[in-house]
Protein chains: 2
Amino acid sequence: MSFEIIKEKANQAVEILKEKNIDMWITFVRETGALKDPALDITVGNSSTWQSAFIINIDGDKTAIVGDMEKENFVKADVYRNVIGYLKSIREPLVEYITKKNPKTIAINYSKNSVLADGLTYGMYQILLDHLAGTEYVKRLVSAEEVISALRGRKSKAELAIMKEAADETLKIFDMATKFIKPGVTELDIANYVKGIVVKKGYELAWEETHCPAVFTGPDPAGPHSGPTDRKVDHGHMINMDFGIKLKGYCSDIQRTWYVLNKNEDKAPETVQKGFEIIRDAIQMVADALKPGVKGVEMDDIARNYITENGYEEYPHGLGHQLGRSVHDGGAGLFPRWEKYGDTPFMPLEEGQIFTIEPRLPVKGYGVSTIEEEVYLTKNGCEFITKPQKELILLR
Amino acid sequence: MSFEIIKEKANQAVEILKEKNIDMWITFVRETGALKDPALDITVGNSSTWQSAFIINIDGDKTAIVGDMEKENFVKADVYRNVIGYLKSIREPLVEYITKKNPKTIAINYSKNSVLADGLTYGMYQILLDHLAGTEYVKRLVSAEEVISALRGRKSKAELAIMKEAADETLKIFDMATKFIKPGVTELDIANYVKGIVVKKGYELAWEETHCPAVFTGPDPAGPHSGPTDRKVDHGHMINMDFGIKLKGYCSDIQRTWYVLNKNEDKAPETVQKGFEIIRDAIQMVADALKPGVKGVEMDDIARNYITENGYEEYPHGLGHQLGRSVHDGGAGLFPRWEKYGDTPFMPLEEGQIFTIEPRLPVKGYGVSTIEEEVYLTKNGCEFITKPQKELILLR
C-alpha cells in the first residue's frame, strides 16, 4: 500500500479542522480486521488489533496511540509523526495526551447522515466515555461528520487522476461487453464474462460481487441492486449493466444501455429510443446545473421532474451519490427529500466532489433505460469523468 | 455464497434466544458495503444499501425489513421467512412489526467486550432511538453480546468440518514453506511464496496481507503483527511464520517454528531446543486443562506461569483467541487480566468453541520460539484441530 495519498489526506484534514474550527479529531477503533471504520482508509491505511486512537490536531500534530506489538507498522507508514505504544490499556496514554492538548472540541466518528462518518460503534463510544470519565472532555465530544465529509468529498489532483483512470478502464470493459452480448447469452453469462476480465486485469470489484456487475435484460427485469439471473438476452430487449471497479483504492460506477435489434429492424423502436433519450437528456440537464453551492435535492428534482413530466414513473432511488474510496462516498448526495436520506439532500455541494448521475425509467415491453455517468465539480460547474453515453448501443 | 450454514445459524439463534430469555434480536444496519456489522456474516449473508433490520424472534419468526430494491435478494436467500420492503423510510414497517410482537427485551448489537457483537454504530443507535421515540421499546433494548458470542462460539458440525479443512490446507502450505526456506531467502521472499500459493489455490488470507503471513527470522525480530522485512534467513536462525487462510468463509490461524542448522551442527543448540520444548509443553498443559466451564484467564495463567517459571519473559499478548468466520472470533478468550481485554478473560468456556493456543518466548541470539495450534472444545475436554508441532523443524 502506498501511504502518499493518505499523508496528503491527513494534511488536508488539518486544513479542514481549521476551517471548521475543531481542535482535535480522534478516530478510535479496535480489531479493524473484523469491523473497519471507513475513516481508516482515508487517514490511517494500516489495520490495528487493539484499541487504537488516531489523532489529528488543528495545530498540525498527528499522533497515533496503538498496541505495542503493532507500533512498528505505524512508525513505518509515517502518517503519524508521533506513535505511542501501550501494552495493557490505552487509557493512560490517551487521557494524558488529550489533557496535554486540552482541546475545546473533539470530533469523533458518529453521524446519522453518513455511514462513512459513522465508524465509531456504540460499544466503542461507551469505552471512550469510560476512558474519559471524570474529565471535562466528555462534554467536548462532537460529531466528525463535517470533517470526514469534506475530507472524502474534496478530491486532490492525485485522487482525481486515479478516479479518471478507474473510469477509463471500466469503460474499456463495457466496450468488451458490447462485443460479448448477443441473443442467447444470459445475464449471468455477461456478469461472469465481466468478472473474468476484472480478475485477469487484477482489479477489484467496486461493490459486492453478488450484484457487481448487475445485468438486466428485457421487459420487467428484477429491480436495481438485484443479482444477475439466467434470463437470456433476446431480440427486442433493452439491456443494462451497472458495474464498477476499484483501482488503487478508488471506485468507478457506470451504467450503459444496449438494445438488441429485431431481425427486421435497423434502428430501435421509437418508444425505446425515446426512453433512452429522456435519460440521456436528463443527465445533461443536471450536468448543466451542477456547481458548488447548489443542493443535491435540486439536482434530483431536475431529473425526476423531467422524467415524470414526460409520462414515466419516477425512479425508486436517488439521482446520484458521491464516489471515491467507497462506491457510495461522502456526505451530500443528489437525493430526494426522503427520510432515509437524512440531511444529505440539503447539503451545499463543494468543489472537488465527484458524483454519479443515474436516473432510470422503464420502457414497457422492452426493458429499462438507465445511464450512469460520473462528474467532477469544478469551481464554476462540473466536468464529465466518464465519456457520456450519447447514443443507444445497438446490437444484432 | 451458500446460505445453508447461515440458515442453520439463524435457527441456532432462536434456541439461544430461548436459553438467554431474550424475546427479539435486531441487527440494524445500512450501507454494509462501507461498514459491515460482523453479525451479518453469521445470520444474513447478503449486503444491504439502505437501513435494514434483520429480526430473529424467540418464537422462531425471522423477518427482514429492507429497501424495496433489494427485497428480491433476501427472498431468494430464504433465511428470513418474511421480507418486508420499503421505499422512503424504514420507521413505519419497523415500529409496526415490533409493536405487533411486543417483545419484553430487544437485543441490539453493541458490546464493550466483543468487537464481533459491536456492529451497531453510534449514529445507527441514535437513528434507532429516533425510530422508536415515543414507544416503550426504547427502554427494552439490551446488548446482544451474549447471543452473538454464543452463536459464533458454538460451532455446528458443518462449521467444524470446514474449520478442519481450512487447518489441513494451511498445514500443507506450511509443509511447502519448509521446503522453500533456506539461508539467503528473505522474510518477504517467504511471505510472497506463501501468498502465491494462496492465490493459486483460490483461498483468501485470514487477515490483512500486510502481515499474513507474518515471517520472522533470526535474533531480535520485529514484534508479532509486524510485516515481513528483507532480513535474510541464515544459519543459526530460528524462523517463525504466523499464517492463516479463509476457506468457505472460515479461518485458520497457525504458527510453526523452524531452525536452520549451522554447518557443524546436526541438532539445534540446547538453548534453542529448550525454548522450543517449553512452548510445545505449555500448549499441551493448556490442552490438558481446557474444557467447558473453565475460564480463559486460568488457561493463560498456566502457560504464562510455566514460561516465566522457566526463566523467560512473559509473552506480550493473550494466550489464544476464538477462531471462526473471523480470525479473532467469539467473546471469551484465553486472555490475561489486562484492561484492554474487558470481561472476556473471565467468561466460562463452552462446548463447540474453537481456540488458538499461541504462547511465545524469545531465545536470545537465535530468534523466537512460537507455536500456534487450534483446538475444539468437546463435552469434557478439547481436541486438536491442527496436528500439533511436536518437534522443532530442522533445516540445512
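**Notebook: the interface of chain A and chain B**

I began with the contact, which takes 58 residues from chain A and 58 residues from chain B. I note that the model is predicted.

I looked up the buried area next. Chain A and chain B bury about 5000 Å² between them, and carbon and sulfur atoms carry 55% of that area.

I then turned to the charged pairs. The rule finds six salt bridges across the interface of chain A and chain B. I looked at one between Arg91(A) and Glu339(B), where the closest N and O atoms are 2.7 Å apart.

For polar contacts across the interface of chain A and chain B, I recorded 29 residue pairs, both residues at pLDDT 80 or more. On the side of chain A that touches chain B, the elements giving two or more residues are α3 (71–77) and α5 (122–132) of chain A. I noted that α5(A) gives the most to that side, with eight residues. I also sorted the residues of the side of chain A that touches chain B: 19 are nonpolar, 24 polar and 15 charged.

Last, I looked up the nonpolar core. The largest one has 58 residues. Those with the most contacts inside this core are Ile26, Phe28 and Ile108 of chain A, and Ile26, Phe28 and Ile108 of chain B.

I followed Phe28(B) further, leaving aside its neighbours within four places in sequence. Phe28(B) is in contact with Gln51(B), Ser52(B), Ala53(B), Ile90(B) and Leu120(B). I also listed Met124(B), Ile127(B), Leu128(B) and His131(B) as contacts of Phe28(B).

Notes:
Residues are numbered from 1 along each chain as its sequence is written. Chains are lettered from A and ligands numbered from 1 in the order in which they are written. This is a predicted model: local features need pLDDT of at least 70, side-chain atom pairs count only at pLDDT 80 or more; totals for chains, interfaces and linings use all residues. Side-chain values use heavy atoms; hydrogens and water are left out. A nonpolar core is a set of buried Ala, Val, Leu, Ile, Met, Phe, Trp, Tyr and Cys residues joined through side-chain atoms within 4.5 Å. Buried means under 20% relative accessible area, exposed over 50%, partly exposed in between (1.4 Å probe, protein chains only). Contact means heavy atoms within 4.5 Å. Buried area is the accessible area (1.4 Å probe) that two parts lose on being put together, summed over both. A salt bridge is a side-chain nitrogen of Lys or Arg within 4 Å of a carboxyl oxygen of Asp or Glu. A polar contact is a pair of N or O atoms within 3.5 Å; within protein, one must be able to donate a hydrogen and the other to accept it, and residues adjacent in sequence count only if both atoms are side-chain atoms. Helices (H or I, at least four residues) and strands (E, at least two) are DSSP runs, numbered from the N terminus. Ala, Val, Leu, Ile, Met, Phe, Trp, Tyr, Cys and Pro count as nonpolar, Asp, Glu, Lys and Arg as charged, and the others, Gly among them, as polar.
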